[in-house]
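Visitor: I would ask for a close look at one part of this model, the lining of its largest pocket, together with the elements that contribute to that lining. By class, which residues make up the lining of the largest pocket?

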Amino acid sequence: MSSSRSPHLRLGLLIAAFAFILDQVAKWVIINPLSLEPKRVIEITSFFDLRWAENCGISLSMFASCTDTTRWTLVAVTGAVAAAVAFWLTRERARGDVIALAMILGGALGNIVDRVRYGYVVDYADLHI
């Protein structure tokens, strides 16, 4: 990692913004037009469902605790991680790594918005093979 600005920074920021917008639009569709919360499950295929889940924890709902302390702690921690990823993105020279970091950044920002708005991250994709 070089200390100079990434030659792919603009691409990374565009991808991060696109990932964030796509995340929020997908969740809006899940919450509003599809009304997944009251239905709980919409079967799509034999191995994939849309399943309502309120993730109060970290990845895969590990360490889940739906308290205000946990909520705001995870907002702060995710914000710190997002800031570190954004900084790394500004310095990364490899185009593929910039793309990966941008997708991580967009998803992290989407999760922060979810936690602030709802108190949990809206999860819905259930792949069960």
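Guide: Eight nonpolar, six polar and two charged residues make up the lining of the largest pocket; Ala, Val, Leu, Ile, Met, Phe, Trp, Tyr, Cys and Pro count as nonpolar, Asp, Glu, Lys and Arg as charged, and the others, Gly among them, as polar. The model is predicted, so local features need pLDDT of at least 70 and side-chain atom pairs count only at pLDDT 80 or more, while totals for chains, interfaces and linings use all residues. Residues are numbered from 1 along each chain as its sequence is written, and side-chain values use heavy atoms, with hydrogens and water left out.

The volume of the largest pocket is about 320 Å³ (the space filled by probe spheres set on the grid points, which are joined across faces, edges and corners). Of its 16 lining residues, those closest to the centre are G57, I58, S59, N111 and R115. A pocket here is an open set of points on a 1 Å grid over the protein atoms alone, where a 1.4 Å probe fits, with protein on both sides within 12 Å along at least five of seven lines; lining residues have an atom within 4 Å of a point. Two or more lining residues come from each of α3 (68-91), α4 (95-118) and β3 (121-127). Among these elements, α4 gives the most, with five residues. Helices (H or I, at least four residues) and strands (E, at least two) are DSSP runs, numbered from the N terminus.

Two of these elements recur in the second largest pocket: α1 (9-31), α4 and β3 each supply at least two residues of its lining. This pocket holds about 160 Å³ of space. Its lining consists of L22, D23, A26, K27, G107, N111, V121, V122, D123, Y124 and A125. N111 is thus one of the residues lining the second largest pocket, and N111 is also among those closest to the centre of the largest one. Here β3 provides the largest share, five residues. By class, six of the lining residues are nonpolar, two polar and three charged.

The helices α1 and α4 also meet each other. Their axes come within 7 Å and cross at roughly 40° (lines fitted to C-alpha atoms, for helices over the stretch in contact, with angles from 0 to 180 degrees between N-to-C directions). At this angle α1 is oblique to α4, a term left for angles that are not under 35, over 145 or 65 to 115 degrees. The contact of α1 with α4 has 14 nonpolar, five polar and five charged residues.

As for β3, it belongs to an open sheet of three strands in the order β1-β2-β3, with antiparallel pairing; two strands pair if DSSP finds at least two bridges between them. β1 (41-43) and β3 stand at the edges with a single partner strand each, so one side of each has no neighbour in the sheet. From one strand to the next, the twist averages 20°.

Six bridges link β2 (residues 48-55) to β3 in the antiparallel sense. D49 has D126 of β3 as its bridge partner, and F48 stands opposite L127 in β3. On the other pairing, β1 and β2 are antiparallel and joined by three bridges, with L50 of β2 the bridge partner of I42. Four residues lie between β1 and β2 in the hairpin that they form.

Overall, the protein chain has four helices and three strands, in the pattern α-α-β-β-α-α-β along the sequence. Its C-alpha trace spans about 50 × 35 × 25 Å along the principal axes.
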